[in-house]
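Okay, thanks for coming, everyone. I'll put the structure up and then walk through a few spots in it.

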Amino acid sequence: MALQSLDIWRRSATTTPSPQQREPIEVAKLIDVTKCIGCKACQSACQEWNDVREEIGVNVGTYQNPHDLTANSWTLMRFAEIEENGNLEWLIRKDGCMHCADPGCLKACPSPGAIIQYKNGIVDFAEENCIGCGYCIKGCPFNIPRLSEKDNKVYKCTLCSDRVSVGLEPACIKACPTQALVFGSKDDMKDHAAERIAELKERGFENAGLYDPQGVGGTHVMYVLHHADKPELYNGLAKDPQINPMVSIWKGITKPLALMAMAGAILGGFFHYIGIGPNEVEEDEEEEKA
Amino acid sequence: MTNTWMDIKNANVILVMGGNAAEAHPVGFKWVVEAKAHNKAKLIVVDPRFTRTASVADYYAPIRSGTDIAFLNGVIRYILEKGQVQHEYVKAYTNASFIVREDFKFEDGLFSGYNEKEHKYDKTSWAYELDDKGMAKVDETLQNPRCVINLLKHHVERYTPEMVSSITGTPQKQFLEICEMLAATSAPDRTLTSLYALGWTQHSIGAQNIRALAMLQLLLGNIGMPGGGVNALRGHSNIQGLSDLGLMSDLLPGYMTMPKDEDLDRATYLDKRTPKLLRPGQMNYFANYPKFFVSLMKAWYGPAATKDNDFAYDWMPKLDKVYDGLRVFDLMHEGKINGYFCQGFNPLASFPNKNKLSESLSKLKYLVVMDPLATETSEFWKNHGESNDVDASKIQTEVFRLPTTLFAEEEGSLVNSSRWLQWHWKGADAPGECRTDVAIMSDLFLKLREMYKKEGGAFPDPILNLHWPYHDAEEATPEELAKEYNGKALADIMDPNDKTKVLIKAGQQLSSFAQLADDGTTSCGTWIFCGSWTEAGNQMARRDTADPSGLGIAPNWAWAWPANRRILYNRASCDPSGKPWDAKRKLIGWDGTKWGGYDVPDFKADIPPGDAMNPFIMTNEGVGRLFALDKMAEGPFPEHYEPFENPLGTNPLHPKVVSNPAARVFDKDREHFGTNAEFPYVGTTYRLTEHFHFWTKHSKINASLQPEQFVEVGEALAQEKGIANGDRVIVRSKRGYIKAVAVVTKRIKALDVAGKRVHQIGVPIHWGFTGAARQGFLANTLTPFVGDANTQTPEFKSFLVNIEKDTDGKVPAVPEATASATMKTADAGDVDLGRRGWLFGRKRKEEV
Amino acid sequence: MKSGFRQDFPILLKGLFRYNECHPIFFYWFLSNTMQISRRQFFKLSAAALGSSSIAAMGLMPAQALAEVRQFKLARTTETRNTCPYCSVACGIIMYSIGDKAKNAKSEIIHIEGDPDHPVSRGSLCPKGAGLLEFVHSKTRVTFPEYRAPGSNEWKRVSWEWAVERIAKLMKEDRDQHFIAKNDKGQTVNRWNTVGFLAASAASNEAGYLTHKVLRSLGVVALDNQARV
């Protein structure tokens with residue numbers, strides 16, 4: 001099913017330029033953490049729609065389950081209890097892919113077409129093309145993609161590109177009981193956010209604001225925060241996310257150098273093999289990293 | 001709910017107390033968020049814990065579990081003292097001006113008429129003074145000291161802010177700020193709505209918690225108003241319906257009550273239950289009781305119920321006492337119950353004191369469980385390690401587990417919390433040999449009837465004569481049954497205004513309970529559902545989303561009882577002259593000849609404003625009751641009584657009467673109550689949003705969202721006890737223990753109560769020994785076997801525990817899929833937590 | 001995944017010369033310093049990387065696959081309206097089942113989401129409702145009648161006929177023995193109080209109504225439902 005509504009903007013590791021003539025609307029998900037009750041309907045709907053099932057984990061002293069994003073949990077409610085001047089706040093943030101305008105994952109990805117950015121702003125992983133190298137993980141300024149132990153491919157939120165492509169909202173958006181999640185054109189979402197921020201300021205949240213970080217060119221998942229001046233309160237939301245400079249360097253000047261280095265490494269490996277024999281790693285070395 | 005889910009958006013102030021709406025009813029809570037976003041509403045949460053509801057509230061105050069009446073009586077005192085009541089409403093629409101009998105008294109914690117031996121009240125004195133015509137005396141000037149409002153003022157006088165704070169632990173400043181916010185809704189154009197649930201009902205004084213709020217709402221003029229009301233958020237999808245259908249020991253359909261031993265014939269029975277007018281000109285709708293009752297008997301016994309046999313009155317069993325769940329388990333424990341049926345119900349987890357329940361079930365001859373899931377109750381006899389440590393060889397109960405369909409595999413209607421009957425359709429066949437509840441009940445009944453026909457036996461008459469007109473006797477269709485409870489005409493019904501015109505022909509469906517008769521010419525299985533399936537078809541399947549008033553009524557979506565009315569007591573949304581109290585909330589109005597509008601008027605349609613008839617048409621005096629007469633078991637006014645297990649060991653208001661003197665408590669259970677010396681902390685059980693009762697732990701998605709049992713402990717107590725976040729702990733009560741992970745939190749604070757520091761421990765329910773989540777302990781292992789005096793609802797919300805670190809605790813296993821006939825038990829050994837690769841393995845700081 | 005250098009080498013070599021983008025081998029240094037990756041782990045990754053990317057580069061992968069999103073799974077499923085069976089908000093749900101109800105197609109629910117028409121829920125669901133599919137297909141559903149004999153430690157599969165017959169027999173024995181027609185005072189009471197029944201809180205009104213009708217005809221008084229707890 002080639003889906004015309006999802007015109008491609010960029011593909012990873014591909015030199016053939018994408019067509020540029022058509023200009024579909026940009027979409028965005030707005031997460032209003034001030035309306036969020038942390039119910040995890042989004043987590044549940046995400047698993048259900050995407051046919052992935054999280055493992056039965058353990059409780060380590062938090063409502064947050066699973067404890068981190070995984071190849072099965074592409075979105076996660078992160079809980080933080082913040083107490084300042086006797087004023088207790090339970091800040092709950094839905095974490096997941098931000099669908100950056102300038103996606104570090106796509107830039108880092110060496111496999112052609114494994115990461116695709118559509119013109120509407122969705123950054124999608126095509127797992128068929130994923131080679132499991134994990135560079136997207138390093139390239140992501142938000143630490144979102146997760147490598148699956150099952151198939152050695154990387155998974156993350158697709159913004160339900162399969163739903164959006166037929167005109168539906170993503171599964172999490174639809175499920176959200178309190179309208180903390182809203183979906184629409186990026187312009188509409190900014191307008192909606194502005195209304196919300198005005199209302200919050202009226203209620204005394206002077207620093208309420210929109211999180212649409214420009215360091216990654218803006219995002220297609222934005223937050224309304226009561227404390228936009230301190231995003232790190234929300235379980236470490238990056239204050240000014242940037243793509244790891246190594247990704248840009250790698251794309252530019254280091255290419256030829258790297259090629260040479262690789263050749264050297266392979267040759268070195270080859271002689272190592274000829275001379276010393278196969279290199280085996282003890283199991284416990286892996287355990288240690290676990 | 002008196003109002004609807006959507007109507008919450010019309011509120012100006014929303015009080016969530018005795019519930020945790022965001023967590024237990026997230027989608028209904030949508031309308032709270034809507035009220036905040038678009039009606040500038042303020043959300044107030046009063047709860048022992050800072051809950052997920054509190055996380056989006058404008059104002060949160062902590063409270064000691066089980067002290068809500070002290071808080072609410074304090075609010076009532078505040079608004080009466082400040083005069084911040086809706087004066088006109090209170091005068092016209094409540095019994096504030098009614099004069100109470102001289103011999104009614106309240107002294108030292110007891111109302112007049114207490115019988116110490118039976119733990120019961122003689123309620124004769126809890127009544128109005130009557131004139132020679134039998135009408136209640138009133139004093140419109142409110143000067144008479146025996147006026148309800150003056151007695152109420154006197155009653156709440158003791159609940160000063162200091163006293164409230166001392167009992168509840170709520171800091172005085174916070175209490176007063178909340179009083180101020182609530183009091184502001186006494187303005188006719190401002191409303192308060194209250195959302196409560198089991199946080200109020202699950203106390204030995206539960207029903208009075210709700211009464212206290214209802215009284216507050218009457219005083220503020222918020223009953224009958226869009227954006228007002230007293231809104232019970234029912235727990236299960238059809239618990240409203242099951243209650244409406246009367247599936248309780250003492251009820252019949254439509255809140256009629258079961259006859260008692262001394263109600264020897266139908267006339268005696270009806271006479272006691274048909275209310276007499278207490279004020280002239282009132283509607284007194286329950287005066288139609290005989291029509292509802294006879295129509296029910298015609299639905300059940302058809303042609304066999306005749307005038308000659310008193311409409312089969314003798315076939316209705318008579319009650320010598322109320323056989324509520326607690327009583328039945330107590331009888332079972334004494335070996336007086338032989339057989340027990342659990343239809344979609346998991347009592348081993350749902351009633352208090354699991355160990356007593358388990359012992360009781362072991363004394364049964366047979367247990368029949370009908371359920372789609374492998375419930376704990378069905379496996380009570382099976383050893384599941386420490387969390388169900390029983391010896392199967394010593395349990396002689398025969399157990400049957402009958403697989404049933406679930407919602408997706410059947411058709412029919414459910415009643416939601418807003419009293420809407422909504423029809424649903426079947427999507428797929430059930431797996432294996434699952435059958436519907438209707439098929440199972442029919443099968444059992446037909447088999448019994450066949451046996452009684454063949455062999456005879458004890459009093460077979462009602463069995464042999466039960467009306468069974470279904471096309472397929474073995475499985476009546478939902479349509480046939482729905483039509484039966486709606487009711488039909490058995491003879492032509494004539495138009496009351498034109499006796500020559502036939503309104504409804506014999507055999508046709510009725511369209512309103514106003515058409516019911518007491519002479520056997522109508523049949524109706526549940527009078528309040530009359531109108532749900534008329535000659536125009538299935539009203540419950542209607543899907544018109546239009547909401548012409550914009551007030552969240554959607555009058556043509558599904559069907560609401562009674563009479564498709566969406567907001568109860570809505571006549572009270574207009575002043576006595578018929579004008580809406582608030583023009584922006586116009587729901588109904590008088591058009592010169594009749595009442596009408598966006599909702600079905602809760603009033604006699606052709607009675608003009610200014611008439612003597614008052615808006616509360618179900619009471620025999622036509623007004624809302626600030627004084628409850630004899631309707632409550634422990635007094636006409638709510639009074640603060642301590643939970644049966646409480647951290648003080650006394651009641652600061654009246655040390656001689658500590659706890660509810662009329663509560664449901666069996667003497668031998670008293671020895672299983674703990675004291676504050678041995679169990680110093682207050683325990684409270686509750687739901688989490690990720691789970692539904694003991695069902696969703698069978699769903700892998702939900703099991704993954706809250707995989708393992710935990711308890712919540714405040715930082716101060718954790719520090720005292722040397723418990724770190726994530727440690728394994730043992731929580732004990734006098735009745736048993738559970739093991740869980742400790743979630744150490746800032747969200748539960750120690751409270752200063754009557755000069756003592758009181759810690760509360762949160763115990764979420766949801767885990768057990770079957771399902772897809774990690775094996776856990778049934779939380780009711782901890783809870784005491786004591787119930788409310790009116791509803792017998794157990795005191796799950798407030799009891800005493802102790803807590804200690806479990807130094808050799810292990811991660812419990814996920815039980816093996818106990819698919820049908822899997823005979824292995826789950827091994828509660830250690831498990832591999834899963835090795836994580838380098839890409840996921842970075843431990844994050846989020847883990848508080 | 002067990003792969004040694006012996007397996008990796010040819011792939012690596014092929015990749016080196018075929019790859020149209022530079023391979024980031026220098027990341028080895030970078031990653032191993034920043035993320036404590038072992039050399040072997042790195043090679044494992046890069047081997048796989050090279051393997052598939054080289055195939056793509058050689059033109060063996062169909063070009064349109066690069067633009068493919070996951071197919072929309074509901075295109076021709078059958079929609080059925082229902083009500084969430086959990087709490088009393090009673091959210092509207094739509095159940096999607098495979099097949100178009102043709103006689104030869106076996107319906108199976110593959111997805112459940114909110115009904116946007118529903119005036120209360122407006123398409124939304126809570127985490128319980130959003131996970132309903134796994135409730136329907138729960139591995140711990142009971143799917144045939146079972147019986148546990150006195151003292152036994154196991155379930156035994158039985159037929160419906162046997163179960164109903166046996167239960168009815170137990171009921172009749174008990175009722176015939178313990179039915180109270182008149183109390184001590186000689187009042188007609190016609191009750192059977194040695195049996196108890198708990199009615200389902202998620203059963204439909206129709207099931208509840210019939211249950212009530214049947215039970216009172218038997219004289220049952222110990223009847224209760226979840227409303228009290």
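Let me start with a question: not counting residues up to four places away in sequence, which residues does A:Cys42 touch? The list is A:Thr75, A:Lys94, A:Cys172, A:Ala175, A:Cys176 and A:Leu181. Keep in mind that this is a predicted model.

One of those partners, A:Cys176, turns up again in the records. UniProt, in an unreviewed entry, has a "binding site" annotation on A:Cys36, A:Cys39, A:Cys42 and A:Cys176. Those four span 141 residues in sequence, but no two of their C-alpha atoms are more than 10.7 Å apart, so they gather at one spot.

Now look at where two of them sit. A:Cys42 is in helix H1 of chain A, and it counts as buried, with 29 C-beta neighbours inside 10 Å. A:Cys39 is in the loop between strand E2 (27-32) and that helix, H1 (41-50). A:Cys39 is buried too, with 30 other C-beta atoms within 10 Å. What is A:Cys39 in contact with, leaving aside its neighbours within four places in sequence? Here we get into the other chains: besides A:Pro177, there are B:Pro26, B:Thr689, C:Cys126 and C:Pro127.

There's a second cysteine group in chain A. The same kind of annotation, "binding site" from an unreviewed UniProt entry, lists A:Cys109, A:Cys130, A:Cys133 and A:Cys136. These span 28 residues in sequence, and with no two C-alpha atoms more than 10.2 Å apart, they gather at one spot.

A:Cys109 is in the loop between helix H2 (104-108) and strand E5 (115-118) of chain A, and it counts as buried with 32 C-beta neighbours inside 10 Å. Beyond four places in sequence, its contacts are A:Ser12, A:Ala13, A:Ala114, A:Ile115, A:Tyr135 and A:Cys136, the last of these being in the annotated set. A:Cys130 lies in the loop between strand E6 (123-125) and helix H3 (135-139). It's buried, with 27 other C-beta atoms within 10 Å, and its contacts beyond four places are A:Ser111, A:Ala114, A:Phe125, A:Lys153 and A:Val154. So A:Ala114 is on the contact list of A:Cys109 and on that of A:Cys130.

Over to chain B. It has 21 helices and 35 strands. Its radius of gyration is 27 Å, close to the 29 Å from the globule rule for 848 residues, so it's as compact as a globular protein of that length. Of those residues, 61% count as buried. And how confident is the predictor? Mean pLDDT is 95, with 96% of residues at 70 or more. The weak stretch is 819-848, where pLDDT stays under 50. Where pLDDT is low, the predicted coordinates should not be read in detail.

One helix in chain B is worth a look: H6, residues 161-168, whose buried residues are B:Val164, B:Ser165, B:Ile167 and B:Thr168. Down the axis they fall within an arc of 165 degrees, so they line one face of the helix. Their cover includes helices H3 (68-82) and H7 (172-183) of chain B. Right after H6 comes B:Gly169, with a positive phi near 85 degrees.

Last, chain C. An unreviewed UniProt entry puts "domain: 4Fe-4S Mo/W bis-MGD-type" on residues 77-140, a span that is 14% helix and 31% strand. The chain is divided into four domains, with domain 2 at 78-136 and domain 4 at 179-229; the centres of those two are 33 Å apart.

Definitions and conventions. Residues are numbered from 1 along each chain as its sequence is written. Chains are lettered from A and ligands numbered from 1 in the order in which they are written. This is a predicted model: local features need pLDDT of at least 70, side-chain atom pairs count only at pLDDT 80 or more; totals for chains, interfaces and linings use all residues. UniProt positions are given in the numbering used here, feature names are shortened, and annotations may be inferred rather than shown by experiment. Helices (H or I, at least four residues) and strands (E, at least two) are DSSP runs, numbered from the N terminus. Domain bounds come from an automatic or database domain assignment. pLDDT is the predictor's confidence in each residue, from 0 to 100. Two residues are in contact if their C-beta atoms, placed from the backbone, lie within 7 Å. The radius of gyration is taken over C-alpha atoms; the globule rule is 2.2 Å times the number of residues to the power 0.38. A residue is buried if 20 or more other C-beta atoms lie within 10 Å of its own, exposed if 12 or fewer, and partly exposed in between; C-beta atoms are placed from the backbone. The arc is that of the directions from the helix axis to the C-beta atoms.
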